[in-house]
Structures are given as structure tokens and as C-alpha cells.
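Me: Could you take a close look at one part of this structure for me, the aromatic rings and how they pair up? A little context on the rest of the chain would be welcome too.

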Amino acid sequence: MSLPSSSKIIIIGGGIVGCSTAYHLAQMGQEVLLLEKAALTSGSTWHAAGLVGQLRSNANITQLLGYSIDLYNRLEEETGLATGWKMNGGLRLACNEERWTEVKRQATTAHSFGLDMQLLTPKEAQDLWPLMDIGDVVGAAFLPTDGQASPSDITQALAKGARSKGARLVEHCPVSQIMTEKGKLVGVRTAQGDISCEKLVLCCGQWTRDLAATIGVTVPLVSVEHQYMISEPFGVPSDLPTLRDPDRLTYYKEEVGGLVMGGYEPNGIPWAQTGIPDPFDFQLLESNFDHFEQLVELALPRVPKLAEVGVKQLLNGPESFTPDGNFIIGEAPEMANVFVGAGFNAFGIAAGGGAGMALAEWVAKGAPPYDLWAADIRRFGRPHTDTDWVRTRTLEAYGKHYTMAWPSEEHQSGRPCRRSPLYETLKASGAVFGEKLGWERPNWFAEPGEDARDVYTFARPNWHDPVGREHKAAREAAVLFDQTSFAKYILTGPDAEAALQWIAANRVDRPVGSIIYTQMLNDKAGIECDLTCVRTGQDEYYIVTGTGYATHDFDWIRRTIPDGMNAQIVDVTSSNAVLSLFGPKARDILQAVTNDDVSNEAQPFGRAKKIGIAGCPVLAMRITYVGELGWELHLPTEYAQTVYDALHAAGAPHGLRNAGYRAIETLRLEKGYRAWSSDIGPDHTPDEAGLGWAVKMASNIPFKGREAVAHQREAGVKKIMATFTTGPDVILSGRETIYRDGKRCGWLSSAGFGHSIGKSIGMGYVRSTTPIDRDYVLSGSYELEVATVRVPAEVTLAPLYDPRMERVKC
């Protein structure tokens, strides 16, 4: 096939994700050319195990996997090609009480997201899967709509469907270079000639990282050996459900009358650390029986028959895995019009249909169909540019694939990586650290004699009382948080105000020294960013956002500055430390270390001013995320220890304590403060989230998303964020199902314990198919489903603590 000289969209990679993306783009009428270096499926698709499960901890990823199943259900009839798809259901076993608790919580999550997940007795599970021994089984869960597929057949069907709608798929055409000019994409180079394009989609599996790196795009994935065994046939029925046995780290599926058995060993083996051999097409690695033996030893007691049948093949195929176990999708922040769909962590077949749909919409329309933050390429940051660090973290994630998913569990590998100047001081003070985007952050502080480590459980954890201690100090005295990991930018230039006025939903044309809390909206009025801007000059704003959103928010602001405006954004995260001083004694402490006036008259809430502390120039921001009087103190990193020492010396008589991020969480829940990526995001508008007061609709100032806000205010909202409380013995962790008057109406987006009010707290949206209002929400009778048990709950739309903001503004 002769190559065209141009194509509007080029996809590199002919595995299931590339072919699915081509299929969906062609369905949308887009001009698309797919280039595959060898033959379709020749990378890792052809040797995938082919299990298709749906349930994930994120609602939208679950929805995406559900789309895959809907597509596979109709694909064979549409294309005339067999796909090997069968919806034979999926079983998940629990073999101890803690795993049974996890499974029951997963069942509640499934109910929240609209999936039919049934809890079974061991005997009921055995009736569905007669080959297993159930001597140690406590219970099981069954998802009837899970299934399995033939990866190669599904991919070929998608390819045929793409061609039938006009897509061109060219095999044996490797891309040798991505061509750019002045930092912009222009096309690709192949042995058969150059091809220009407007947009490029990299779906190259484990080859994606190195190819993307040639144009400065970071794709943090690494190759890991993944083995599974195929038995000789022994009469296994073709309708046998897939089986996951996480306590034994293994999975099973029927294949041609035999069984496939594989798993995720704790000591995964990295592959191709110095580069992938060329060629490597339709190839496998040498079987490693010694390494696989640990899984065989776990599997044989579960399926004793395997000891009696022959092994047809031990298949060892490398696949691409990521540091957090989620795939990578979206437009690269480093280069416009370059998209990525890779790193599928051995569930590419399950995700392939939905990922291709989402990626196609992203490419064609400039945005995904719904919030995919959990898989968004912009969730990564500076540590992920180092492949050695990525490999270390990824091997940990691989080994945890089937281990218990504890609430609040932290990764341990690759630490410490990024450290505040106060790291050693805080560690010596009993800090128990968590990690986000490489940053070490104090989660809580142990006192002498307490075990300074996390002990994970589904019950109240060992940090519950220490966090309560910090919470109490914030409400009654004062606490100091090290929030140096905040992402911090400067937006500057003659058009800084005009640019930010367009990007931000709130007004930014305020006097120098003003603090502006604002969302940044997409064209559907969805919340893309939730952050704070300080006007530090006529042509300058200092912008502060959450640690984990450093890449995402910087990219959003930079891309959304209108063409022709003279405004530049610079990341200054590493330049400034942040010490946050909160509590009713905060002013007394701050005034003791500065000669500047920090009274309410001199610096009211919502104002920032430069002050001096122990020789350090400090930007003191009168703002709070915990619902108490306080300041965020932003200062050059080299002064951090000096200012910290001065504050603690002045604070000792007032009961000042160090406090960590878990106390921030309990404090903000009592105040009803929203958190981006859980409570708010691109799928939620300010009016739905109760943040409409921060939108400048009363002005005539245009801003991105204004028309959508106006339309929604005319039509009404169909979901409203509310806060729910239950008794102190009910443990809420998020994703619990919300019932209104006995009918499912949503799920909790975040949850925890309110130490001031003595109750468990959850936040979530009350949803309806028709417009609703405050009275609708408050008039209902509510229950929460917690690990499949319904408990009564109270609802409120007001903060549970200090609803009049009197403590914050004093």
C-alpha cells in the first residue's frame, strides 16, 4: 500500500488500543492513518491473557471498562469477524476476614457505580467454579457481566471496522522519527517517505516511552516480564467464569478445554532495561519456571487438578507497567497535538475498547468524554522523568496488584525523593511521612513511645488518635503544617490580568494584595482547576495549587492563555517553602515573630502581605483550608528552618503543635471544603458543587465556560454536593453508596472522621434525572451502604463546623 503524503491524524501502533482508537476516529468521520512497524497485534496484544473485568476504584474508569464490554458485545455482529468474546462472568475470592471486608467494600463500590456484583458463599462460588477447593474460602463476589476475549481476534475486528469507515491501516511501516519544527509537531518519517499530520497518537505499548522521549515527552512506563501457564485440555467447560484469587496472587480462565493460570508475583522481573531488542515482533521471552514456581505452589491447593494435567506452555511475554498501576492516556503536556495511549498494566484488553473511544474523542474534540484524571498523563511530574525511579516504583506497584488495597496505603519504593528543607527536623519530631509526586509530606506525628509508622486496617487505624490530637490543637490552640510541596507558579506580563480573567471563573481584577479563590472551567463548565491566586503586582499573580496537580494545572493555564496575549507562566515550586499556621492562637504566635501588623484590621481574611520573620521576607497569605484563623507563609526555601524555629519558639507557650496532612483532611471535611479530583473535577460544575458564589456571572466579563454556566442556571442542576454524617462507629472511606428514600442516588466522593463533631463524615453528590434544588436534597431520608450494609445518615448543605465563618474571619 502506497503511503499518503499527509493525514490529519496518524496513529503509531497496531495493538488493541491503536486499532480501537482508529476504529472510533473513523466512526467520527476523521481522516486517520495507522502505522504499525510489523503486523497488527505483534507487540504485546497477541500474547495477552484476555481477561475482561470492569470494577475499579474510580467511577469513570469503571465506566470506560464497561464501554469495552458493550463494544465487544456487538463487534462480531458488526464486523463479521469472530472476537472470542464471551460474557461468562468473573469471580473474586476472599480467603480471610480482612479480604472479605475488602470484597464487601468493593461490592458497595460496584453498587455505587451501577454494577451488579453479587456476594456468594464458598459453596455458591464452587457451584460456579467446580474445579476449585474452597477449604480456605470465606466468601466470593461475582460480576455476571465480566468476561474474556481473544486479544488478536478483537483487534482484527476493530481494524476491519476502522477500515470499513475509511481509516487506512498500514503494516510493516516503522516510524523512524517524529518530525517537529520550532517545537511543534509536523509529521513522521518512515522508510517509505515522510507523512505530515496535524495530530499524532502514540499507542506503541512498551515502545512508547523511548519514541516519545525523542521529542521531549515523558511517558513513565517500563517493561516487566509477565508469565502465565496454559494447561493441556482436561474438559474445562467453555462457560467457566474467569477467577481471581488475590490472596494466592493468581487468576484463571478457560482456554480450549484447559486452563490459563497466571498472576502477579511480589518480585517481578524488569525487562529491556537497556533498550528493547530490534526486531521484537511476535516474540516471547524464555520461560522462567523457577520464578513461576511460587505461583504454582499457590495455585495447586486451589485447583488440585492442575497437578494431574500437563503444561502445554509457560508463556513469558513482556508488558508495559506504570508506577501507579493505571494506564496513561491524554495529550502530552510537553507538546501540543501529541497524544498517548499506553502503559496498560496487563489489562489492555479490558480497557482497549473504552480507552480507544476516550482517546478518539480527546483527539477529535480536544477533551475526553468525561473526567479521566486517574489515567491522565498529567498526573505525573518531575520524578517520573527518571526511568530508574519509575522502574523502582513500578515493580512495587506490580507486586501489589493483588495485595490488599488498604485505605490510605502509601508506596514505599523510591523514597525519599523530594524533601522539604524541614524533612530531617520533622522526622526527628515523630513525623510519619506519606508521598505525593515524589514529595515527602508529614501525614501525622507520633509522640515518644508511639509506633511511628502506619499500620493498615479496614478498622480505625493506629493514626486515628494522633490525628485527633492534631485536629484538637488546630481547633483549640494552633498547628503548623509543612506544605512546601504545594505547586506554585508566577503568571506575569502586561496581559497577565486579561489572560487570567479569561481563564479564571472568579474575578481577578482586584487590588494588589488580594487573594482570589477560583475555579478554572472547561467549555462545559466542568472544573479543570481549583486554586488560589494572589495579585502580587499590576502585571503579576502568584498561583498556588495542590501538590499532585502540578503538571496538570500548569499545562491547563499555559494552554488556555489566549493567543496574542503577552503573559507567561513560570513554575516556582522548588523556590518557596510553605509553612501554614492555623488555629485560634495563630495571630498571637505570628505577631510575636514579626514587627509587621497582622491584626484583622491591618490584614483581613483574603489578603496577602509581605512581612519579615527572623530576617526572612515572607508572603503571608490570610487564607485557610481547615476552617480556622491562620496564614499560609510562603518564603524562600533557604529560610525554612529559621522561620520554623522562630514560630515554634513563639508558639510553645500557646500549645503549638506540628500537624500533618491527615489532620488537614479531617478538618476540611468538617468545613465542607471540596477537594479537586475527588469532590470536584471536569465532570462537576461550580453550581453543582456549591461553588457558584465564586463565579463572576454578575459581571459582564467573559471567561471560559461562561456560556455553559449560564445555560445550566437556566436549565437547573441534576446533582448537588451534600455532606452526610453517621455514627462514630461507622467507618467511611469513600465510594459508599448514597440512598435517598430507599433509592440509589450517588456515592461518597470523600470521607473520614470529624473529631470535633464526633461523627463519621462523607461528601457526595445527590443525583437525579431531572433538575433538583436544595429543598429536594434536604427533604430526603438518607442511608449509606457501607460494605453492603445500609446505615442511616443525616444530610446537610452547610458546613458542619463554624458555618458562619466566624472563626476564620476574626
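Reply: Happy to! Rings of Phe, Tyr and Trp, the last by its six-membered ring, count as a pair if their centres lie within 6.5 Å. Please keep in mind that this is a predicted model.

With that cut-off, ring pairs join Tyr251, Tyr264, Phe321, Tyr398 and Tyr402 into a cluster. The structure as a whole holds 22 aromatic pairs. One of them, formed by Trp406 and Phe458, deserves a closer look. A pair of aromatic rings is described by the distance of the centres and the angle of the planes. For Trp406 and Phe458, the centres are 5.1 Å apart and the planes meet at 45°, which makes the pair tilted. Planes under 30 degrees apart would count as stacked and those over 60 as edge-to-face.

Where do the two partners of this pair sit along the chain? Trp406 belongs to the loop between helix H9 (387-399) and helix H10 (423-428), while Phe458 lies in the loop between strand E21 (439-445) and helix H11 (464-476). The two residues are 52 positions apart, and their pair links distant parts of the chain. Phe458 has a relative accessible area of 11%, so it counts as buried, the limit being under 20%.

Now for the setting. The chain has 19 helices and 38 strands. Its radius of gyration is 27 Å, close to the 28 Å that the globule rule gives for 810 residues, so the chain is as compact as a globular protein of that length. Along the principal axes, the C-alpha trace spans about 80 × 65 × 55 Å. Of the 810 residues, 61% count as buried. Among the contacts in the chain with a separation of 6 or more, 71% come from residues 24 or more positions apart.

The surface and the charges round this off. The accessible surface of the chain comes to about 29,900 Å², and carbon and sulfur atoms account for 49% of that. The chain carries 78 positive and 97 negative charges, and the mean positions of the two sets are 5 Å apart.

Away from the rings, Ala577 is another residue to pick out in the viewer, within strand E28 (residues 576-582). Ala577 counts as buried because its relative accessibility is 0%. Leaving aside residues up to four places away in sequence, Ala577 touches Thr484, Leu633, His634, Leu635, Pro636, Thr637 and Ala640. His552 lies 25 residues from Ala577 along the chain, and their C-alpha atoms are separated by 21 Å.

Methods. Residues numbered from 1 in each chain as written. Predicted model: local features only at pLDDT ≥ 70, side-chain atom pairs only at ≥ 80, totals over all residues. Heavy atoms only, no water. Helix = DSSP H or I, 4+ residues; strand = E, 2+ residues; numbered from the N terminus. Rg over C-alpha atoms; globule rule 2.2 N^0.38 Å. Buried < 20%, exposed > 50% of the residue type's maximum accessible area, 1.4 Å probe, protein only. Contact = heavy atoms within 4.5 Å. Areas by Shrake-Rupley, 256 points an atom, 1.4 Å probe, with all protein chains shown as cover. Lys, Arg positive; Asp, Glu negative; His and termini not counted. Charge placed at Lys NZ, Arg CZ, Asp CG, Glu CD.
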